[in-house]
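Reader: I have a new model open on my screen and would like to talk through its aromatic rings and its surface charge. Could you take me through them?

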Amino acid sequence: METLTRTGGRILVDQLLAQGCERIFTVPGESFLAVLDALHDTPQIQVVTCRREGGAAFMACAEGTLTHRPGVAFVTRGPGATNASIGVHVARQDSQPMILFIGDVDRGTRDREAFQEVDFQAMFAPLAKWAARIDDAARIPEYFARAYAVAMNGRPGPVGLALPEEMLPHRVEATDRPRVERLAQACDEAAMEQLADLLATAERPIAIVGGAGWDFVAAQDFAAWVDRTGVPVAAAFRRQDAIPNACPSYAGNLGYGPNPKLIARIRDADLLIVAGPRLGEATTDGYTLVTPDHPGQRLVHVHPD
């Protein structure tokens with residue numbers, strides 16, 4: 001790790017490079033000009049200029065889903081952040097890793113209701129996994145590494161970081177942090193043996209799949225497993241491609257207006273294997289399909305918490 005004297009904007013962009021970020025999405029604003037200047041001198045990172053902050057946030061959501069690393073968006077304060085908040089909310093509900101950087105008012109004018117001032121830590125606290133403000137340019141690498149770790153690990157989700165405008169041009173010494181990776185967790189052998197025992201005695205098992213971190217490899221592996229076992233499998237809400245639809249064991253997808261036959265099959269199951277998705281309102285048909293008081297049904301839920 002090298003310590004160099006740079007502007008806050010340059011330090012921030014160098015952290016993007018260190019984390020392997022290939023593109024960012026933004027509606028440019030005057031509150032983070034030092035970052036835009038540094039991006040201008042960094043051809044390795046593609047700058048995608050958007051027409052609206054909500055679109056920039058949704059693009060970052062998609063980037064996070066496709067790459068399993070945080071999609072990155074930059075917006076300005078006030079209306080920019082509020083427009084982008086819809087993407088942060090979706091990233092939280094859909095377990096998508098993303099980081100929203102928000103240009104903020106100067107540190108010296110905070111709490112005076114400055115132009116377009118919003119308390120972003122309070123605003124994003126219920127929407128994001130973590131919301132913070134970087135007041136010291138020398139600590140940008142620290143905040144950056146933590147943001148990546150929080151966004152990717154456990155249940156993936158969004159992080160919001162506010163950037164005071166006059167902090168970004170400051171020249172300070174800062175030490176870059178290494179690339180952050182998502183922690184891998186191995187299967188618990190005892191739990192897998194218990195699942196095998198449950199499957200051996202189950203008469204009407206069914207699986208529901210999808211969710212955070214689910215990708216093409218997971219879909220193919222799970223399809224091969226259900227081909228061997230004959231367990232029917234349904235896709236969770238917004239996870240229609242979580243299992244190849246041509247798979248003989250594919251039973252349909254859950255969500256709004258689900259197939260009544262699929263609903264009946266899940267209600268009648270004596271073993272329910274939920275691999276990946278959270279049991280949210282849409283997947284559970286208004287929290288009526290999977291309930292804690294379901295006599296005769298065992299639930300195995302695999303989900304990052």
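Author: Happily! This is a predicted model. A good place to begin is helix 6, which holds both F144 and Y148, 4 residues apart, or about one turn of the helix.

Reader: Are F144 and Y148 buried or exposed?

Author: Buried means under 20% relative accessible area. By that cut-off, F144 and Y148 are both buried.

Reader: How are the rings of F144 and Y148 arranged?

Author: Their centres lie 5.6 Å apart, and their planes meet at 20 degrees. Planes under 30 degrees apart count as stacked. Therefore the pair F144 and Y148 is stacked.

Reader: Which residues do ring pairs link into a cluster?

Author: The structure holds 9 aromatic pairs. Through ring pairs, F144 and Y148 are joined in a cluster with F32, F74 and F101. The full set is F32, F74, F101, F144 and Y148.

Reader: How far apart in sequence are the parts that W130 and Y143 tie together?

Author: The rings of W130 and Y143 are stacked, with centres 6.0 Å apart and planes at 5 degrees. W130 is buried at 13% relative accessibility, and Y143 is buried at 15%. W130 sits in strand 6 (residues 130-133) and Y143 in helix 6 (residues 140-152), so the pair ties together parts separated in sequence by 13 residues.

Reader: Now for the charge: which residues form the negative surface patch?

Author: Let's start from D197, which belongs to helix 7 (residues 189-201). D197 is exposed, with a relative accessible area of 52%. The negative surface patch is made up of D188, E189, E193 and D197.

How values were computed
Residues are numbered from 1 along each chain as its sequence is written. This is a predicted model: local features need pLDDT of at least 70, side-chain atom pairs count only at pLDDT 80 or more; totals for chains, interfaces and linings use all residues. Side-chain values use heavy atoms; hydrogens and water are left out. Patches are made of residues with over 30% relative accessible area and no salt bridge: like charges are joined within 9 Å, nonpolar side chains (Val, Leu, Ile, Met, Phe, Trp, Tyr) within 5 Å. Accessible areas come from the Shrake-Rupley method with a 1.4 Å probe; for residues, only the protein chains shown count as cover. A salt bridge is a side-chain nitrogen of Lys or Arg within 4 Å of a carboxyl oxygen of Asp or Glu. Lys and Arg count as positive and Asp and Glu as negative; His and the chain ends are not counted. The place of a charge is taken as NZ of Lys, CZ of Arg, CG of Asp or CD of Glu. Helices (H or I, at least four residues) and strands (E, at least two) are DSSP runs, numbered from the N terminus. Buried means under 20% relative accessible area, exposed over 50%, partly exposed in between (1.4 Å probe, protein chains only). Rings of Phe, Tyr and Trp (its six-membered ring) pair if their centres lie within 6.5 Å; planes under 30 degrees apart count as stacked, over 60 as edge-to-face and the rest as tilted.
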